[in-house]
Amino acid sequence: MTPKTANCDPITGTFQINSAEATTYYIHGSGNVQRFVDNPEKTNNGNAKMRFLSNTATDTTITLRDKGGVKMERKSGNWTVGELSKGEYDLYIGNTKVGNSIALKIGGVYSMSIIQQGTKTARELYQITEPNGVSMLWIIPQYVVMTLGEVMYSVTGLQFSFNEAPQSMKSVLTGCWMLTIAVGNLIIVFIAEAKMFDEQLWEFLMFAIIMWVDMAIFAVLAWRYRSIPIKTDEDYERERLEMEEKEHGLEKVPARLSGGAVTAVAPEENDNENSNL
């Protein structure tokens, strides 16, 4: 590599660059080259990431300050990455402000090169990863749609599995309904951990296709399904009385309803017939 400035010596060597990495080569002094591998991943809390690359004196203090005071402080030669919240910051070398304010945005990953020659100091901000460009408020309509879908699907599904199940299997069918949710979660975990796609866009597209196939199967089953009549409390009471009549050998008589309850009247015994027997 040949520098454009006449005062710099030519540098020869091999530069190693790997995929999915942000590689920085910092050249300072007389052909002194240092390699840094930055993690381009954004922070989970939305803060920006910053690294200082400087050729200042070893005991020089480099700080980023906002209106509230010092937010990040490093000694020259300390190239560790720090986190900063979104905002406007001023760069100070010692107690001297360098350049204009810099704006750090949510989720951005930055490296700042600081070059000091004599009494002059220059700095350059490099953006490793672009900051977030979509507002987090877009999550609200997604959660609203997901919540409505969950309410309409879960409640009606539980009611269907309970009402359509036989009297002796209502708990079993309700448990089977919950089991389908567990199996669905396992499918999501398997697909996510398998990392079958390089971009998450295609993973979400596959989930959407699976949902459409699932909806088609449900539509066919619902079209062909024949629902059983839902029994009322009076029906259950009538069945109970009929079973008692069969168990005790009572003569089946018409039942009459009284105040919402079913009352069965047994026939009166014939004393004459009993005496003849």
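These legends accompany six close-up views of a predicted model.

**View 1. Strand E9 pairs with strands E3 and E10.** Let us start with E9, which covers residues 109–117 and runs parallel to E3, residues 48–54. Six bridges join E3 and E9. If you would like one pair to look for, Arg51 has Ser111 as its bridge partner in E9. E9 also runs antiparallel to E10, residues 120–129, and nine bridges join these two strands. Here a helpful pair is Ile115 and its bridge partner in E10, Ala122.

**View 2. A hairpin links E9 and E10.** Two residues lie between the strands of this hairpin. Have a look at Gly118, whose phi is positive, near 65 degrees.

**View 3. Thr63 is a buried residue of strand E4.** The strand that holds Thr63 spans residues 61–66. With a relative accessible area of 3%, Thr63 falls under the 20% cut-off and therefore counts as buried. The Thr63 side chain makes a polar contact of 3.2 Å with the side chain of Arg65. Which residues does Thr63 touch, not counting those up to four places away in sequence? They are Val70, Met72 and Glu73, together with Asp90, Leu91 and Tyr92.

**View 4. Helix H1 has buried residues, among them Ser161.** H1 runs through residues 139–163. At 1.5 Å a residue, its 25 residues should span 36 Å, and the end C-alpha atoms are indeed 36 Å apart, so the two values agree. Ser154, Gly157 and Ser161 are buried in this helix. An α-helix has 3.6 residues a turn, so residues three or four places apart point the same way. Helix H2, residues 170–194, is included in what covers the buried residues of H1. Now for a closer look at one of them: Ser161 sits in H1, and its relative accessibility is 9%, under 20%, which means that it counts as buried. The side chain of Ser161 comes to 3.0 Å from the backbone oxygen of Leu158. Leaving aside neighbours within four places in sequence, the contacts of Ser161 are Leu173, Thr174 and Trp177.

**View 5. Three helices contribute to the lining of the largest pocket.** The volume of this pocket is about 1000 Å³. How many residues line the largest pocket? There are 21, and those nearest its centre are Tyr153, Thr180, Gly184, Met211 and Asp214. H1, H2 and H3 (200–224) each provide at least two residues of the lining.

**View 6. Lys195 has a positive phi in the loop between H2 and H3.** This final view moves to the loop that holds Lys195, between H2 and H3. Is Lys195 buried or exposed? Its relative accessible area is 64%, over the 50% cut-off, so Lys195 is exposed. Do check the backbone as well: phi of Lys195 is positive, near 50 degrees, in a residue other than glycine. Most residues other than glycine have a negative phi.

Definitions and conventions:
Residues are numbered from 1 along each chain as its sequence is written. This is a predicted model: local features need pLDDT of at least 70, side-chain atom pairs count only at pLDDT 80 or more; totals for chains, interfaces and linings use all residues. Side-chain values use heavy atoms; hydrogens and water are left out. Two strands pair if DSSP finds at least two bridges between them. Helices (H or I, at least four residues) and strands (E, at least two) are DSSP runs, numbered from the N terminus. Buried means under 20% relative accessible area, exposed over 50%, partly exposed in between (1.4 Å probe, protein chains only). A polar contact is a pair of N or O atoms within 3.5 Å; within protein, one must be able to donate a hydrogen and the other to accept it, and residues adjacent in sequence count only if both atoms are side-chain atoms. Contact means heavy atoms within 4.5 Å. The expected span of a helix is 1.5 Å times one less than its number of residues. On a 1 Å grid over the protein atoms alone, a cavity is a set of points where a 1.4 Å probe fits but cannot get out, and a pocket is an open set with protein on both sides within 12 Å along at least five of seven lines; lining residues have an atom within 4 Å of a point. Grid points are joined across faces, edges and corners, and a volume is the space filled by probe spheres set on the points.
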